[in-house]
Amino acid sequence: MTGAVFLAGPALMAGYGVVRLVGRAVGDYGPGGWWSVAHLLFLAGVLVFVRVFLDLRKAAAVRGGRRVAVEAAAWAGLVGATAVAVQAVIDLLVGFVAADEQAMSDMFGRVQDVPGVMPLVYTVVPMLFWVGLLGLVTLLAVFRRDLVRAWAPVAVLAGTVLMAMSLDLLPVGALCIGSALFPVRRGLPG
């Protein structure tokens with residue numbers, strides 16, 4: 001199972017992006033099936049990435065200052081993953097409860113108007129997911145060249161930037177991240 005998470009996390013994120021695009025293409029991406037399936041894939045992907053962070057942290061096998069850097073990156077990623085998971089759960093709940101897109105918009109507005117919700121769940125803290133992932137991959141590309149390829153941080157950065165530019169680029173961004181993580185699975189036990 002250990003190696004599978006390095007494929008499953010990006011694949012689930014890509015699935016979220018594809019389902020989102022299809023739902024939008026058929027004009028039915030709001031409350032309902034496309035929204036729910038997309039966000040379930042998104043939530044599953046985030047939860048799988050928790051294991052990715054933990055496995056990368058363990059694989060680092062370094063001590064001293066290097067260990068501190070790896071721990072900081074891993075914890076940043078885990079804190080960010082928590083925020084992203086909360087965001088996905090909110091999105092799912094709003095999608096289940098809302099009758100139409102206007103009702104969704106109103107509900108999101110009420111949730112996001114709660115003091116602290118925007119930075120904690122939507123803007124600042126979720127960025128730690130991507131910072132932590134990039135940090136871990138970069139550190140392992142330096143400390144564990146046998147495990148993480150030198151180009152992997154560039155692929156993770158490219159994937160992150162693509163997804164930040166537009167949610168329509170989620171499948172391509174996930175493919176970039178998957179290409180960075182794919183070789184890692186072969187170097188891990190189990």
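A salt bridge is a side-chain nitrogen of Lys or Arg within 4 Å of a carboxyl oxygen of Asp or Glu. The model is predicted, so local features need pLDDT of at least 70 and side-chain atom pairs count only at pLDDT 80 or more, while totals for chains, interfaces and linings use all residues. Residues are numbered from 1 along each chain as its sequence is written, and side-chain values use heavy atoms, with hydrogens and water left out.

Q: Why is the pairing of Asp 168 and Arg 24 called a salt bridge?
A: The N to O distance between the side chains of Asp 168 and Arg 24 is 3.1 Å; the limit is 4 Å, and therefore the pair qualifies. Asp 168 lies in the loop between H7 and H8 and Arg 24 in helix H1, 144 residues apart. Helices (H or I, at least four residues) are DSSP runs, numbered from the N terminus.

Q: What makes Asp 168 and Arg 20 a salt bridge?
A: Their closest N and O atoms are 2.7 Å apart, which is within 4 Å, and the pair therefore counts. This pair also links distant parts of the chain, with Arg 20 in helix H1 (residues 5-25), 148 residues from Asp 168.

Q: Which residues do shared salt-bridge partners join into one network?
A: Arg 20, Arg 24 and Asp 168 are joined in this way.

Q: Why is Arg 20 called buried, and Arg 24 partly exposed?
A: Buried means under 20% relative accessible area, exposed over 50%, and partly exposed in between (1.4 Å probe, protein chains only). Arg 20 has 9% relative accessibility and is therefore buried, whereas Arg 24, at 45%, is partly exposed. Asp 168, with 33%, is likewise partly exposed.

Q: How do you know that Arg 57 and Glu 71 form a salt bridge?
A: The N to O distance of 2.9 Å between their side chains is within 4 Å, so the pair meets the criterion. Arg 57 belongs to helix H2 (residues 33-60) and Glu 71 to helix H3 (residues 64-97).

Q: What makes the pairing of Arg 144 and Asp 146 a polar contact?
A: A polar contact is a pair of N or O atoms within 3.5 Å; within protein, one must be able to donate a hydrogen and the other to accept it, and residues adjacent in sequence count only if both atoms are side-chain atoms. The side chains of Arg 144 and Asp 146 are joined at 2.8 Å, so the distance satisfies the limit.

Q: Why is Arg 144 called buried?
A: Its relative accessibility is 19%, which is under 20%, and Arg 144 therefore counts as buried.

Conventions
Helices (H or I, at least four residues) and strands (E, at least two) are DSSP runs, numbered from the N terminus.
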